[in-house]
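Colleague: Could you take me closely through a single part of this model, one helix and what surrounds it? I would like one connected account rather than a list.

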Amino acid sequence: MPSLRSDAAPARPLPAVNADIRALWQRGGGRLSPEARRQYERLLAEWAAAVRGDTAEAA
């Protein structure tokens, strides 16, 4: 049965991405600068991709 994961770079584990998101918010004191907001959006996209990858592997 073929794998559902792409041959792209492997996704980081969810706990690592989550830790980066938490650290970003902590550094900003609960507020995000425009640059931090862009980083947050990239991290959210990475988190979503990691969730999809975990779901595909579990299926």
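Modeller: Helix α1 is followed by G29, whose phi is positive, near 65°, and, since this is a predicted model, what I say about the helix before that glycine rests on computed values. Helix α1 runs over residues 14-27, and at 1.5 Å a residue its 14 residues should span 20 Å, which agrees with the 20 Å that separate its end C-alpha atoms. Within α1, the residues V17, I21 and L24 are buried. These three cover an arc of only 60° around the axis, and therefore lie on the same side of α1. On the face turned away from that buried side, α1 carries the exposed residues P15, R22, Q26 and R27.

Helix α1 also takes part in an aromatic contact, and the structure holds one aromatic pair. Its members are W25 and Y40, whose ring centres are 5.3 Å apart and whose planes stand at 80°; because an angle over 60 degrees counts as edge-to-face, the pair of W25 and Y40 is classed that way. The pair links distant parts of the chain, with W25 in helix α1 and Y40 in helix α2 (residues 34-58), 15 residues apart. As for accessibility, W25 has a relative accessible area of 27% and is therefore partly exposed, whereas Y40, with a relative accessible area of 17%, is buried, the cut-off for buried being under 20%.

Notes
Residues numbered from 1 in each chain as written. Predicted model: local features only at pLDDT ≥ 70, side-chain atom pairs only at ≥ 80, totals over all residues. Heavy atoms only, no water. Helix = DSSP H or I, 4+ residues; strand = E, 2+ residues; numbered from the N terminus. Expected span 1.5 Å × (residues − 1). Buried < 20%, exposed > 50% of the residue type's maximum accessible area, 1.4 Å probe, protein only. Arc of directions from axis to C-beta. Phe/Tyr/Trp six-rings, centres within 6.5 Å; stacked < 30°, edge-to-face > 60°.
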